[in-house]
Amino acid sequence: MTAPLPKAPHLVDELALDGAQHGGRLTERDLRSAGLPADNPRWRPWMRAVAISLGALLAGALLFILTLAVQVEDPATDTESGGFIAFLIVNLVGGLVACIAVGPVRGSRAGNLWIVVIGMTSSLAVGAWLIAVMRLGARRSLPLDALVVALVVGGGVLWDWFQSSVTGRAPIEAPLFYIILIALSTIIALLFGRSRGTRAALITSLRAQTASAERERAALAQSRVSDLERARAEERAAIARDMHDSISHDLAVVATQAGALAYRSDLSPEIVRETAATVRESAARANTRLREVLTGMRESDGAGRGDAPLPDLRALESLLSEGAPHQNPPSVTWLDIGPGDLSRLSAERIRALHRTLSELLVNAGKHAPEAEVHVVLEGGGTHLSVTVSNSFQPPAAPALGTGYGLLGARERIHLVGGTFEAGAAESGDFVVEVTLPW
């Protein structure tokens with residue numbers, strides 16, 4: 001039984017960028033890839049590109065109209081000259097190209113740099129210029145930021161000089177103020193883009209950490225399931241090993257009695273009948289135990305209880321009176337039955353009850369070393385009920401263990417037809433209830 005491991009998350013798209021990741025720095029491809037979930041239609045990125053282009057065109061058109069109105073109202077401007085018309089055409093064409101391209105080229109570093117250059121020659125391209133500068137700032141690269149500032153300042157000064165030379169208008173009266181103004185505007189746009197890129201990187205990192213934690217949680221859950229299955233298999237293998245000796249005994253009896261019948265021809269009919277009855281009873285008992293073995297059989301892993309003798313009725317009575325090794329004897333209460341009634345249980349159920357009580361007494365010594373363990377045995381018409389309880393007293397140091405003792409005990413009781421319930425009672429005691437059919 002396996003649980004699917006979660007996939008790593010997509011990166012966050014803050015500015016719809018593109019590019020590759022270099023030097024531990026999120027670039028445009030990383031940021032753009034996250035903004036396109038797998039279930040999004042393919043036309044959604046194009047709708048976003050169209051919206052960006054239209055927004056840049058509207059913003060640039062407003063500034064273009066205001067600039068053109070100022071130039072027309074200026075008496076020093078010759079609106080009928082060829083130079084003015086040529087620069088007007090360049091302004092319109094360059095602005096349209098930049099506004100149309102700013103949407104589709106959102107993931108191209110070179111494309112955004114060209115838009116920055118065009119933006120210094122066209123007032124219509126101011127919206128596209130601002131978007132391109134913020135995209136480049138989101139890369140969080142100081143050399144790239146310095147290049148953008150140099151292009152804006154140098155391009156603006158050169159273009160103003162070229163325009164004034166061609167048209168004959170006077171150059172800017174305060175060039176230093178103009179340089180500082182456009183440099184500050186560019187730096188502010190770059191810083192805004194950098195903040196968006198930093199936010200995208202942070203969200204991406206958090207999502208990656210969340211996915212990693214989820215994968216670890218799923219792996220731990222898978223490991224827990226595997227451990228539980230292994231504990232069940234080990235307990236069932238132990239049951240099969242325990243029953244092996246009892247089946248071997250019954251089969252030995254069958255072989256001995258059958259051999260006597262085969263080699264002794266002087267036996268009386270009464271002895272023959274008694275021997276045959278013994279053979280039949282031993283064979284039936286071995287057949288019953290064999291079915292139980294096949295039910296609990298699992299592949300042996302070499303781990304077991306070695307050559308220790310199988311628990312029997314005497315061992316169970318000794319456990320109830322003396323307790324587990326190195327543990328205090330429990331307080332035993334008999335209701336409607338006595339110690340002799342335990343012989344009504346089959347050998348397999350006596351072994352299962354002995355193993356279970358041993359595990360419970362050892363657990364009580366680990367987790368509540370100073371608490372008294374109470375065992376109540378109550379007989380019914382069809383079943384035996386055993387209740388084991390103790391108050392929970394945490395030891396000074398945490399108890400060491402695998403945590404699968406109760407799981408193995410439950411598996412053992414279920415395989416012999418009983419029930420097993422364990423948990424904390426309202427009084428705060430830890431209570432285990434076991435029922436076994438007679």
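A residue is termed partly exposed when its relative accessible area lies between the buried limit, under 20%, and the exposed limit, over 50%. By this criterion Arg-217, at a relative accessible area of 46%, is partly exposed. The views below show a predicted model.

**Figure 1. Overall view of the predicted model, with 11 helices and 5 strands.** The protein has 438 residues, of which 34% count as buried. Its accessible surface comes to about 25,000 Å², and carbon and sulfur atoms contribute 62% of that area. Among contacts in the protein with a separation of 6 or more, 71% involve residues 24 or more positions apart.

**Figure 2. Close-up of the salt bridge between Glu-214 and Arg-217.** The closest N and O atoms of this pair are 2.9 Å apart. Both residues belong to helix H7, where they are separated by 3 residues, about one turn of the helix. In an α-helix there are 3.6 residues a turn, so residues three or four places apart point the same way. Glu-214 counts as partly exposed because its relative accessibility is 33%. Arg-217 is also partly exposed, at 46%.

**Figure 3. Close-up of the salt bridge between Asp-145 and Arg-194.** The two side chains meet at 2.8 Å, N to O. This pair links distant parts of the chain, as Asp-145 lies in helix H6 (residues 142-167) and Arg-194 in helix H7 (residues 175-263), 49 residues apart. Asp-145 has a relative accessible area of 10% and is therefore buried. Arg-194, at 22% relative accessibility, counts as partly exposed. A search of the whole structure finds 3 salt bridges.

**Figure 4. Close-up of the salt bridge between Arg-351 and Glu-348 in helix H10.** Helix H10 comprises residues 347-367. Arg-351 and Glu-348 are 3 residues apart in this helix, about one turn. Their closest N and O atoms are separated by 3.6 Å. Both Arg-351 and Glu-348 are buried.

**Figure 5. Close-up of helix H2 (residues 44-73) and its packing against H3 and H5.** Helix H2 contains 30 residues and reaches 44 Å from its first C-alpha to its last, close to the 44 Å expected at 1.5 Å a residue. Ala-49, Ile-52, Ser-53, Ala-56, Gly-60 and Phe-64 are buried in H2. The buried residues of this helix pack against H3 and H5.

**Figure 6. Close-up of helix H5 (residues 126-137), which is largely enclosed by the rest of the structure.** Of the 12 residues of H5, 9 are buried, so the helix is largely enclosed. The buried residues are Gly-127, Ala-128, Trp-129, Ala-132, Val-133, Met-134, Arg-135, Leu-136 and Gly-137. The end C-alpha atoms of H5 lie 17 Å apart, in agreement with the span of 16 Å that its 12 residues should have at 1.5 Å a residue.

**Figure 7. Close-up of Ser-123 in the loop between helix H4 (109-119) and H5.** Ser-123 counts as buried because its relative accessibility is 15%. Leaving aside neighbours within four places in sequence, Ser-123 is in contact with Gly-60, Leu-63, Phe-64, Thr-67 and Asn-91. Among these contact partners, Gly-60 and Phe-64 are buried residues of H2.

**Figure 8. Close-up of a nonpolar patch on the surface.** The patch is formed by Ile-85, Ile-89, Leu-92, Val-93 and Val-97, which together have about 400 Å² of accessible area. Leu-92 has its place in helix H3 (residues 82-102). With a relative accessible area of 33%, Leu-92 is partly exposed.

**Figure 9. Close-up of segments selected by prediction confidence in the protein, whose mean pLDDT is 76.** A pLDDT of 70 or more is reached by 75% of the residues. Confidence is lowest in helix H1 (residues 28-34), at a mean of 47, and highest in strand E2 (residues 374-379), at 91. Over residues 298-307 the pLDDT is below 50, and this stretch has 13 contacts in the model beyond near neighbours in sequence. Over residues 396-402 the pLDDT stays under 50, and the model has 4 contacts for them beyond four places in sequence. Where pLDDT is low, predicted coordinates should not be read in detail.

Notes
Residues numbered from 1 in each chain as written. Predicted model: local features only at pLDDT ≥ 70, side-chain atom pairs only at ≥ 80, totals over all residues. Heavy atoms only, no water. Helix = DSSP H or I, 4+ residues; strand = E, 2+ residues; numbered from the N terminus. Expected span 1.5 Å × (residues − 1). Buried < 20%, exposed > 50% of the residue type's maximum accessible area, 1.4 Å probe, protein only. Patch = residues over 30% accessible without salt bridge, like charges linked within 9 Å, V, L, I, M, F, W, Y side chains within 5 Å. Areas by Shrake-Rupley, 256 points an atom, 1.4 Å probe, with all protein chains shown as cover. Salt bridge = Lys/Arg side-chain N within 4 Å of Asp/Glu carboxyl O. Contact = heavy atoms within 4.5 Å. pLDDT = per-residue confidence, 0-100.
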